[in-house]
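Student: I would like a close look at a single part of this model, the place where the two chains meet. Please take me through it in one connected answer.

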Amino acid sequence: MIENNLLTSVQMANFVADGLLVFNELIPAEINGEVMRELDEKRINFGYEPQGQPFENLWTESQGIGALVRLPQVQGIIQSLVGPDCLYDHHCPHRVGPHHVDGQVWHADAIIDTRLHFDIQLFYYPHDTPREMGGTMFLPGSHLRRIHETDIGRYQNFRGQLPIVCKAGTLVVGHHGLWHCAQPNLTDRMRYMFKIRLNPTVRQLLLWNTEDLDDPEIPNILFRNHRWYGNDDRLEYANRIKFWRFLIGDENFDAHYWLTRIENKPERVAVHA
Amino acid sequence: MPELRQKLLVLYLQNPGLGSEVTAWAIYDGTGKEHHTTGDSDTPPYTTVLDAMKDGWRVIQFPQQFPAYPGMELTTSYLRFEYILERLEEAIHD
């Protein structure tokens, strides 16, 4: 079943370009309802479970969060990005209370992380989240920037920032480096967002459905500009190509001759006539 | 004499040129009149720093430019072209 739900190469290229994938209304209504019951009745531990344990050990009896992570579609997403036997890093049922007018400061989770290997974070919205309720604000394409947590807290707005305004059951999967912040909740209801971080235990190499690996659109996707980049867009393309090389295990891959040019260091001595 | 307070406008540009496009922005209002927070607008208050100057904002900080450290030529991090502007406005009185 997982094999039928793996991501495609085009989806993976979008993940490399944007640092996130959005799956609108992926989770069925009955599971969303059960998750809300688990949250309201605190049937799910709001604190961390023991970290670094096999993810499959978690929530085995749960018909809400547990059923969600066992869905073949969710398993396919996880398998494509971090592979089999991933580890539980932490989870957190995030809540923003009613009439909360301040947005959270922009941040990336954890610390400066120089790996090409990456963790994923699942951001799950168990109920409808209109804009006045906030949603999480994401900054597409920010995941490869080397920053430390809230060191970006002076920023407020970016061209191209993406508020998650969604129906119940929407799942966002993000790279661990993605910049984000909770948005104000101007309604009179509590807002929930359930987050789970997962670590790989295998080399993240061609873990997805690679039938479309040679899709001609992939180089163009890797060159997607985000309007907040300014002149740094060209550096982002270089870093994405390096990331894609890592994911497909091909150090010769290039898009639009970008790295080939600066890696060209001929040593052949010219023969003069 | 009115009590004046500082209002700051932080603009991040496409490139170091003051006429280049604003790509990110923030407002910090010391007068207490306005409340700003993350994600509170989708369009910048000005298209360029130059436009803000024409509207009376004074530039009080230019970003320094440094060559990349060896080995970090392709590294991206914070927004590099950050201009801080100010206006002095009358404060709210309690």
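Tutor: This is a predicted model, and what follows describes the contact between chain B and chain A as computed from it.

Start with the extent of the contact. It draws 30 residues from chain B and 39 residues from chain A. Together the two chains bury about 2800 Å², and 45% of that area lies on carbon and sulfur atoms. On the chain B side, Thr38(B), Leu74(B) and Thr76(B) account for 25% of the area that chain B buries against chain A, more than any other three residues.

Next come the polar features. The rule finds 4 salt bridges across the interface. One of them links Arg80(B) to Asp232(A), where the closest N and O atoms are 2.6 Å apart. The rule also finds 25 residue pairs in polar contact across the interface, with both residues at pLDDT 80 or more. As for which elements of chain B take part, strand E2 (22-29) and strand E4 (82-90) each supply at least two residues of the side that touches chain A. The largest share of that side, 7 residues, comes from E2(B). Sorted by class, the side of chain B that touches chain A has 13 nonpolar, 11 polar and 6 charged residues.

E2(B) also takes part in strand pairing across the chains. Strand E5 of chain A (residues 157-158) is joined to E2(B) by 2 bridges, and the two strands run antiparallel. Within this pairing, Asn157(A) has Trp25(B) as its bridge partner in E2(B). Strands of a sheet pair through backbone hydrogen bonds, in either a parallel or an antiparallel sense.

The pairing belongs to an open sheet of 5 strands, in the order E5(A)-E2(B)-E1(B)-E4(B)-E3(B), with antiparallel pairing. E5 of chain A and strand E3 (58-61) of chain B stand at the edges; each has a single partner strand, so one side of each is left without a neighbour in the sheet. At the chain B edge, E3(B) pairs with E4(B) over 3 bridges in the antiparallel sense. There Val59(B) has Leu85(B) as its bridge partner in E4(B).

Put together, the strand that gives the largest share of the chain B side, E2(B), is also the one joined to E5 of chain A by 2 bridges. E4(B), which supplies at least two residues of that side, stands between E1(B) and E3(B) in the sheet order.

Methods: Residues numbered from 1 in each chain as written. Chains lettered and ligands numbered in written order. Predicted model: local features only at pLDDT ≥ 70, side-chain atom pairs only at ≥ 80, totals over all residues. Heavy atoms only, no water. Contact = heavy atoms within 4.5 Å. Buried area = accessible area lost by both parts, 1.4 Å probe. Salt bridge = Lys/Arg side-chain N within 4 Å of Asp/Glu carboxyl O. Polar contact = N/O pair within 3.5 Å; in protein donor to acceptor, adjacent residues only side chain to side chain. Helix = DSSP H or I, 4+ residues; strand = E, 2+ residues; numbered from the N terminus. Nonpolar A, V, L, I, M, F, W, Y, C, P; charged D, E, K, R; others polar. Pairing = 2+ DSSP bridges.
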